[in-house]
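Visitor: I would like to learn how to read the packing of helices and aromatic rings in a model like this one. Could you take me through it feature by feature?

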Amino acid sequence: MHARIPLVLAAALALPAAWAQQQGVSKTEVLIGTIQDMSGPLAGYGKQARNGMLLRVEELNEQGAVHGRKLKLLAEDSGYDPKRAVLAAQKLVNQDKVFIVAGHLGTAQNLAAMPVQFDKNIVNFMPITAAREMYEPLHKLKYSFASTYYDQVRMALPGLAKEKGAKKICTIYQDDDFGLEVQRGAEAALKEMNMELGEKTSFKRGATDFSSQVARLKAANCDLVVLGTIIRETIGTIAEARKTGFSPTFFASSAAYTDLIHKLGGKPMDGLYATMTVLHPYLDEASQPVRFWANKYKTRFNEDPTVFSVYGYSIIDQLIQALQKTGPNLTTDNFVKTMDTMRYEPDMFGSAGSSYSPTKHLGSTASRLSQLQDGRWKVVSDYVK
């Protein structure tokens, strides 16, 4: 009888040790890592996303906790360089020992960092990129929220072309993975519409002169142009077209859905269409909750929020909902089980809502159209799914 007591004692003592094996989770805290560009070409986006994340973390910690645990956000800078993203992931996973990496910005950066995380059973949660590789091939540690560039263009183009009575649809795209996704989305849409692509032209990443590409599109009499462009190239292409009296309907993916298009491009940008999944939060927005949120953000960070601030905020909000549902016994495996049953309702930022299952790790394929009117993005369509 007495000989069994040490064994029982040993087993009881081993329980907390086993529980402590889940890195990034203590009785009072959950460590969340994020990798953002805070010093490179997308530093504006990266800082805004981090601020949005921080705002939601601070709100939660002020109001209480998730099953007794506060959240702590650790942000690393990739400078938008995949090699630095790997170093950032190594620091977060191996030194800081985070529970999860959330809202990592950039396609190539995520692809470089994910193996470091997966090696230690760390979830890559809602990266800020609309690349298909963020949820394909299916992997238990990959969860993505962003409707892909491919789907955005494939689903929105037929309706817009019909509305505009477009006879000749053409494309200009960045010659890389991003631009090709937009191009493929356009080709898939045209196939469904039984139409041929009128003309296609591309440019190298970093290009600043689009005169030859625009001349080619103009010569082909394109009346609707799909833009596989981000910020500078969107502005450059449209400005060049306006200058030469070429005025087709311009249509871009959510990569161009940013206040920087009208801030930097001015009046000539009016008329541009872009797909989007959440609203740009204007401070004088009609919706009272968004206005309240935008003012709170401005008070905290001394700048207006942007759509990237919304991405960051929403990602942490969705993480909190999943942590809440997982319960007090927080492990990666339990979190994954929860995520595979998660449903998110539409939010105040106009998202379409989303759901996940063991075989579906992209929350939603829905996006809708917005148009620049008088220097401001206006929603012009319902969600297309």
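Visitor: Which residues of helix 5 meet helix 6?

Guide: In this predicted model, Tyr149, Tyr150, Val153, Arg154, Leu157 and Pro158 are the residues of helix 5 in that contact, and on the side of helix 6 they meet a set that includes Phe178, Val182, Gly185, Ala186 and Ala189 as well as the charged Glu181, Arg184 and Glu192. The residues of this contact divide into 10 nonpolar, 1 polar and 4 charged.

Visitor: How should the geometry of helix 5 and helix 6 be described?

Guide: Two packed helices are described by the angle between their axes and by the distance between those axes. Here the axes of helix 5 and helix 6, the latter spanning residues 177-192, come within 7 Å and cross at roughly 35 degrees, and the crossing is right-handed.

Visitor: What sits over the ring of Tyr150?

Guide: The charged end of Arg132 does, 4.2 Å from the centre of that ring, and Tyr150 is also one of the helix 5 residues that meet helix 6. Elsewhere, Lys360 lies over the face of Tyr356, at 6.0 Å from the ring centre.

Visitor: How many aromatic pairs are there, and why is the pair of Phe145 and Tyr311 classed as it is?

Guide: Rings count as a pair if their centres lie within 6.5 Å, and by this rule there are 15 aromatic pairs. The planes of Phe145 and Tyr311 stand at 50 degrees with the ring centres 5.8 Å apart, so this pair is tilted. It links distant parts of the chain, since Phe145 is in the loop between strand 5 and helix 5 whereas Tyr311 is in helix 11, 166 residues apart. Phe145 is partly exposed at 21% relative accessibility, while Tyr311 is buried at 9%.

Visitor: What kind of pair do Trp293 and Tyr313 form?

Guide: Their pair is edge-to-face, with 5.4 Å from centre to centre and 75 degrees between the planes. Trp293 lies in helix 10 and Tyr313 in helix 11, so the pair ties together parts that are 20 residues apart in sequence. Both residues are buried, and both belong to one aromatic cluster with Tyr297, Phe301 and Phe349.

Visitor: Is Leu330 buried or exposed?

Guide: Leu330, found in the loop between helix 11 and helix 12, is buried, at 3% relative accessibility. Leaving aside neighbours within four places in sequence, its contacts include Gln22, Val25, Val30, Arg69 and Phe99. Leu330 and Lys27 are 303 residues apart in sequence, yet 9.9 Å apart in space from C-alpha to C-alpha.

Technical notes
Residues numbered from 1 in each chain as written. Predicted model: local features only at pLDDT ≥ 70, side-chain atom pairs only at ≥ 80, totals over all residues. Heavy atoms only, no water. Phe/Tyr/Trp six-rings, centres within 6.5 Å; stacked < 30°, edge-to-face > 60°. Helix = DSSP H or I, 4+ residues; strand = E, 2+ residues; numbered from the N terminus. Buried < 20%, exposed > 50% of the residue type's maximum accessible area, 1.4 Å probe, protein only. Lys NZ or Arg CZ within 6 Å of the ring centre and 35° of its normal. Axes fitted to C-alpha atoms, helices over the stretch in contact; angles between N-to-C directions. Left-handed = near helix turned anticlockwise from the far one by under 90°. Contact = heavy atoms within 4.5 Å.
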